[in-house]
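Hello,

Here is the structure I promised to pass on to you. Please have it open while you read, as my notes follow below.

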Amino acid sequence: MSIASQDSAVKNNRTTMVLIYVTLLVFALFYLVPLFVMIANSLKPLSEITGGNMMALPKEWTIEPWLKAWSTAQIGVEPTGLRPYFINSIIMVVPAVIISSIIGALNGYVLTKWRFKGDTIIFGLMLFSCFIPFQIVLIPMAMVLGKLGLSGSVSGLILVHVVYGIGFSTLYYRNYYAAFPTELVRAAMIDGAGFFQIFWRIMLPVSGPITVVCVIWQFTNIWNDFLFGVSFGGQDQPMTAALNNLVQSSTGVKEYNVHFAGAILAALPTLLVYIVAGRYFVRGLMAGSVKG
Amino acid sequence: MGFLEINNVTKSYGAVKVLHDIDINVDEGEFLVLVGPSGCGKSTLLNIIAGLENLTSGEIAINDQTVNHVHPSNRNIAMVFQSYALYPNMTVAQNITFGLEMHNVPKSEREAALNDVAKLLQIEPLLNRKPGQLSGGQRQRVAMGRALVRNPDVFLFDEPLSNLDAKLRVDMRTEIKKLHQKLKKTIVYVTHDQIEAMTLSSRIAVMYNGYVQQLGTPSEVYNTPANVFVAKFIGSPAMNVIPATITIKAKHAFACFEDGSGKAIDLQLSQPASSFNNGQSVLLGIRPEAISDLGNEDRNVNISKPFETMVMVTEPSGADTFVTLNLAGHDVVSRLRGDVALPSGTLASFTVNMDKVVLFDPETENRLDI
Ligand SMILES: Nc1ncnc2c1ncn2[C@@H]1O[C@H](COP(=O)(O)OP(=O)(O)O)[C@@H](O)[C@H]1O
Ligand SMILES: [Mg+2]
């Protein structure tokens, strides 16, 4: 009796599982189709696209569109390809992510472990900055950058992204450190560790999971930003602005294969960050749960 | 002049006063236990001694030096926390030597100190493990090691055993006592467990509501509790405290109970009749072990006249049997020998060791000092 009912329970379970997997598969395909179209068409000569089926695999495989997008395509007036802009973006995003994460971690540390009068108000104000739309700050930001002599430079963009990023990075680290036992900080104080020693030796070593979250968030946001890039980039435009120039150019024929390749190039770093850091993120969570 | 002086320390959080004029002098080598129910201010006082919290007024002095404005790391104290507070990213060895490293002690000395402490606490095989790979008892040892290695003037313990299971707690208690006897260091130890307080301390400060209710040796606190709170807090089962009226008959004072049924019980007090007024109300405090079943009392003490009453509940616990009896309408717990045969619901006769009885003022609840 009990065995029979158990049997049917298992069977039910299996049907559910099959259903779930089929549904997931359908959705996965649905989301992967655009990527497939992009990759497939970026590897075809232009003639195959204009004269044929977008959904088909290339008849003649070529990496010519990729090379062109990377190094010779017309961006604005110069035939430089996306390469210099890609480098601009890297030069912008790496320091911006590092600086905003470090400041966020320090803020979180102070707001939870070195509490002072009015700390919650300050945190509230910082949270508020997460909800200010980019457009509102364009003009004041331009004025500040002008005063600092950073208009139209990568350094200016770094500053803008750091300032905008601090709200979120502080939120992440504050909430993470709020759950971190204060007794550890007190023990370290009695042991003679100073403000930065406690941060460096005690807090940071256990901040892996939240650092990954923060870095993924900041990297994607800063890399994908377009508005600040075109507004404040000047000559040193980031990748997003360059891609726009490439795709929107009104002269000549539309080279869809080159556009696809360029778009994938622009998305590649964020994809990479998700794939590499995402795994560490899961690993960090697992380590915490196993320790219990 | 004490080695560690807590002089008129008060602490307020905003308008809420959590410590009121705490005044305790601790001698060198003394084991002071701060005991009291949760929320009474024990940890706050300990943190003030450590320098982790600021005091609102008063003074902390260690070794004749005011340390009110001295950073915790320079007070030459070490602290063991309830959660052990081991650094999760460091090995046991790194945990123990972190404080020495922060004080710029050379590596060779650090290693020598580590080996001494590891040997003393028998944690040598654990030195390369992370705290996450240790059992509760092992973590406790490591936390002690971290405190010992600094060779401080004063050890501060904040409920160090309350995260351990019952058996381990008793074992570690004995070890802490042994360690204190061996090292003869000054210790301030916080606990809410009165048995820990009694067994470990050379003196106990019983705290309640931010006040020190009584400061004294374990036997003082147990035998002459300052007030009803201390009487009921220290000792398990708690002291029986029941209202009574004093009657003076033939130059002797009696504590009289009426249970409404007209059957009065009179217990002749050891205290002289001249200390009382006829008809005075008191609270009578009787320890469970001061009550005996008839025929089994201690011969060398002042024993009351036997009284017959109903046995309400009998709880054998091995060595002792706790018998709840009805004394003039009040439930009174007695601690009798293990093999006593007094089934509940029967009538039996009991006596009280009157030398152990304490009297309290029913208004102030303070002990009547007579
Ligand atoms: N940071 C704080 N702000 C306000 N009240 C506090 C704070 N820390 C402790 N208290 C209060 O002080 C009292 C004593 O706390 P504590 O010393 O931790 O008690 P114990 O260790 O005896 O359980 C409690 O009533 C607690 O609510
Ligand atoms: Mg406490």
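A helix here is a DSSP run (H or I) of at least four residues, numbered from the N terminus. With that in hand, a word of caution before the details: this is a predicted model, and every value below is computed from it.

**Chain A: three residues to look at**

Let me start with Thr170(A), which sits in helix H7 of chain A, residues 154-178. Is Thr170(A) buried or exposed? Its relative accessible area is 0%, and the cut-off for buried is under 20%, so Thr170(A) counts as buried. Leaving aside residues up to four places away in sequence, Thr170(A) touches Gly104(A), Asn107(A), Leu111(A), Phe123(A) and Met126(A).

Arg83(A) belongs to helix H4 of chain A, which covers residues 83-113. Its relative accessibility is 40%, so Arg83(A) is classed as partly exposed. If you want to find Arg83(A) relative to Trp66(A), the two are 17 residues apart in sequence, and their C-alpha atoms are 11 Å apart in space.

The third residue is Tyr280(A), found in helix H13 of chain A (residues 256-291). Tyr280(A) is partly exposed too, at a relative accessible area of 47%. Which residues form a nonpolar patch on the surface with Tyr280(A)? They are Leu268(A), Leu271(A), Leu272(A), Tyr274(A), Ile275(A) and Val276(A). Together with Tyr280(A), these residues offer about 710 Å² of accessible area.

**Chain B as a whole**

Chain B contains 8 helices and 20 strands. Its C-alpha trace spans about 80 × 45 × 35 Å along the principal axes. Of the 370 residues in chain B, 51% are buried. The accessible surface of the chain is about 16,400 Å², and carbon and sulfur atoms account for 47% of that. Taking contacts in chain B between residues at least 6 apart in sequence, 66% of them join residues at least 24 apart.

**Parts of chain B**

Four strands of chain B make an open sheet, and its order is E2-E1-E4-E5 with antiparallel pairing. At the edges are strand E2 (16-26) and strand E5 (65-66), each of which pairs on one side only. Inside this sheet, strand E1 (residues 4-13) and strand E4 (residues 57-62) of chain B are joined by 5 bridges in the antiparallel sense. To see where they line up, look for Thr10(B), which stands opposite Ser57(B) in E4(B).

Helix H1 of chain B covers residues 42-50, and 8 of its 9 residues are buried, so the helix is largely enclosed by the rest of the structure. The buried residues are Lys42(B), Thr44(B), Leu45(B), Leu46(B), Asn47(B), Ile48(B), Ile49(B) and Ala50(B). After H1(B) comes Gly51(B), with a positive phi near 90 degrees.

Further along, strand E12 of chain B (residues 252-257) is mostly covered, with 5 of its 6 residues buried. What does E12(B) pair with? Strand E11 (residues 240-249) of chain B runs antiparallel to E12(B) and is joined to it by 5 bridges. Ile246(B) has Ala255(B) in E12(B) as its bridge partner. E11(B) and E12(B) form a hairpin with 2 residues between the strands, where Ala250(B) takes a positive phi near 50 degrees. E12(B) also pairs with strand E13 (residues 265-268) of chain B, again antiparallel, through 4 bridges. In that pairing, Cys256(B) has Asp266(B) in E13(B) as its bridge partner.

**Where the two chains meet**

Finally, the interface. On the chain B side 27 residues are in contact with 16 residues of chain A. Between them the two chains bury about 1,900 Å², and 61% of this area is on carbon and sulfur atoms. Within chain B, Leu52(B), Tyr87(B) and Met102(B) lose the most area to chain A, together 26% of what that side buries.

How many salt bridges does the rule find across the interface of chain B and chain A? There are 3. A salt bridge links the side chains of Glu101(B) and Arg201(A), with 2.9 Å from N to O.

Happy to talk any of this through once you have had a look.

Best wishes

Methods
Residues are numbered from 1 along each chain as its sequence is written. Chains are lettered from A and ligands numbered from 1 in the order in which they are written. This is a predicted model: local features need pLDDT of at least 70, side-chain atom pairs count only at pLDDT 80 or more; totals for chains, interfaces and linings use all residues. Side-chain values use heavy atoms; hydrogens and water are left out. Patches are made of residues with over 30% relative accessible area and no salt bridge: like charges are joined within 9 Å, nonpolar side chains (Val, Leu, Ile, Met, Phe, Trp, Tyr) within 5 Å. Accessible areas come from the Shrake-Rupley method with a 1.4 Å probe; for residues, only the protein chains shown count as cover. A salt bridge is a side-chain nitrogen of Lys or Arg within 4 Å of a carboxyl oxygen of Asp or Glu. Buried means under 20% relative accessible area, exposed over 50%, partly exposed in between (1.4 Å probe, protein chains only). Two strands pair if DSSP finds at least two bridges between them. Contact means heavy atoms within 4.5 Å. Buried area is the accessible area (1.4 Å probe) that two parts lose on being put together, summed over both.
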